[in-house]
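The following exercises concern a ligand site and a single side chain. Each task is followed by a worked solution.

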Amino acid sequence: MCVTPSFSLSQLFALVVIALLPVLGHAQWLQDTRALMGTEITVELMEPGAGEGEALLEAVFTEFHRLDLMMNPWNEESVLARVNRDAFAGPVSVPAEMVAVLERALYYSRLSGGAFDVSFAAASQYYDFRRGRTPSKAEREEGVRAIDYRSVELDTQAATVRFLRPGMALDFGGIAKGFAVDRGIDILRAAGVEAAVVSAGGDSRMLGDLGERPRMVGIRHPRQQDDYVAIIPLSNTAISTSGDYERYFERDGVRYHHILDPATGDSARAVLSASIIAAQAIDSDALSTTVFVLGVERGLALVNRLPGVDAIIVDGQGRLHYSAELLLSTKE
Ligand code: ADP
Ligand code: MG
């Protein structure tokens with residue numbers, strides 16, 4: 001694997017076009033983009049048989065829509081909203097998909113010692129990034145007190161969730177898009193698709209490759225729009241990026257954005273962006289948020305313990321840091 005820093009958009013374009021050339025002519029690629037789950041979902045696929053592509057695109061978007069209805073905490077009808085309303089009073093039944101997402105979220109909460117915490121929403125409810133609202137000191141302290149993944153009781157056998165303390169709320173914003181991307185790929189693979197890309201905002205997963213070549217994936221420069229800090233060839237893998245430039249505002253020179261450090265209830269400011277490469281998007285998604293909160297040293301230490309997982313981090317000074325396996329492969 002090679003990592004080439006500082007490509008411009010036109011260079012990226014040239015690379016993508018070169019990568020596409022071998023497959024043009026003998027395979028039909030289809031693509032569609034829709035707004036769902038608060039972001040842009042893009043599905044690209046190589047048709048398994050003539051005329052089958054449109055229905056497959058539709059099936060993936062339908063699945064995203066279904067999962068969004070289930071896991072959007074702002075939709076009062078959603079299962080997640082019901083959990084947040086009722087789970088302190090007693091166990092709430094949840095569908096299998098939510099058991100899977102919560103189980104993985106709690107795994108990363110434990111693995112990171114709470115840097116990733118699926119109950120961070122007790123603090124984030126006081127922020128409004130569009131209106132520039134931040135919590136008062138008292139609100140922030142109250143929010144932080146109610147964040148505690150250890151007080152989320154998931155019974156995987158009974159498929160129920162219970163909160164062991166009041167004031168708790170779950171939010172799957174750091175993991176649900178990755179899960180949905182994996183589901184999209186599962187649907188396509190089961191239908192016989194051999195090459196596809198499913199992306200949801202900063203989370204993407206590639207099935208197969210582009211003919212004989214891998215796909216070139218650019219990691220955005222966190223401060224220069226349309227510029228890239230790295231372009232990596234990837235196939236059959238997932239990549240997610242968490243950055244402080246997606247949803248933010250600045251006040252008195254301080255940037256407030258949507259990734260919170262559960263220890264303080266304030267935006268995490270150790271790095272500008274964290275990208276994770278892993279086999280599945282549920283893992284790359286959760287880990288990109290996790291490593292963003294942990295920062296360079298603790299983030300790389302965690303990633304270097306996980307086989308098959310790599311990281312590219314842009315620190316506060318704009319410098320790049322790579323996990324051990326990537327460093328080895330860039331030197332080859
Ligand atoms: P996005 O693609 O939405 O930018 P990220 O993977 O960067 O997603 O994750 C950011 C989202 O993760 C936030 O919008 C929020 O929903 C959630 N989040 C923020 N802080 C944490 C945290 N400490 N632990 C778990 N999830 C978090
Ligand atoms: Mg993430």
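**Exercise 1: Origin of the ligand shell**

Determine which domains supply the shell around ligand 1 in this predicted model.

Solution. Domain 1 (29–71 + 174–329) and domain 2 (79–163) each contribute at least three residues to the shell around ligand 1. Among secondary-structure elements, helix H8 (residues 281–305) provides the largest share, namely three residues.

**Exercise 2: Composition of the shell**

State how many residues surround ligand 1, and how they divide by character.

Solution. Ligand 1 is surrounded by 18 residues. The closest are Lys 177, Ser 242, His 258, Leu 260 and Thr 289. By character, the shell comprises six nonpolar, six polar and six charged residues.

**Exercise 3: Polar pairs and burial**

Identify polar atoms of the protein that lie within 3.5 Å of a nitrogen or oxygen atom of ligand 1, and give the buried share of the ligand.

Solution. Begin with the backbone: a polar backbone atom of Leu 260 is 2.8 Å from a nitrogen atom of ligand 1. A backbone N or O atom of Gly 174 lies 3.2 Å from an oxygen atom of the ligand. Turning to side chains, a polar atom of Thr 289 is found 3.0 Å from a ligand oxygen atom. Ligand 1 taken alone exposes 560 Å², of which the protein buries 94%.

**Exercise 4: Surroundings of Glu 139**

Locate Glu 139 and find its side-chain polar partner.

Solution. Glu 139 belongs to helix H6 (residues 137–145). With neighbours within four places in sequence left aside, Glu 139 contacts Tyr 126 and Arg 133. The side chains of Glu 139 and Arg 133 form a polar contact at 3.2 Å.

Methods. Residues are numbered from 1 along each chain as its sequence is written. Chains are lettered from A and ligands numbered from 1 in the order in which they are written. This is a predicted model: local features need pLDDT of at least 70, side-chain atom pairs count only at pLDDT 80 or more; totals for chains, interfaces and linings use all residues. Side-chain values use heavy atoms; hydrogens and water are left out. Helices (H or I, at least four residues) and strands (E, at least two) are DSSP runs, numbered from the N terminus. A polar contact is a pair of N or O atoms within 3.5 Å; within protein, one must be able to donate a hydrogen and the other to accept it, and residues adjacent in sequence count only if both atoms are side-chain atoms. Contact means heavy atoms within 4.5 Å. A residue is near a molecule or strand if one of its heavy atoms lies within 4 Å of it. Accessible areas come from the Shrake-Rupley method with a 1.4 Å probe; for residues, only the protein chains shown count as cover. Ala, Val, Leu, Ile, Met, Phe, Trp, Tyr, Cys and Pro count as nonpolar, Asp, Glu, Lys and Arg as charged, and the others, Gly among them, as polar. Domain bounds come from an automatic or database domain assignment.
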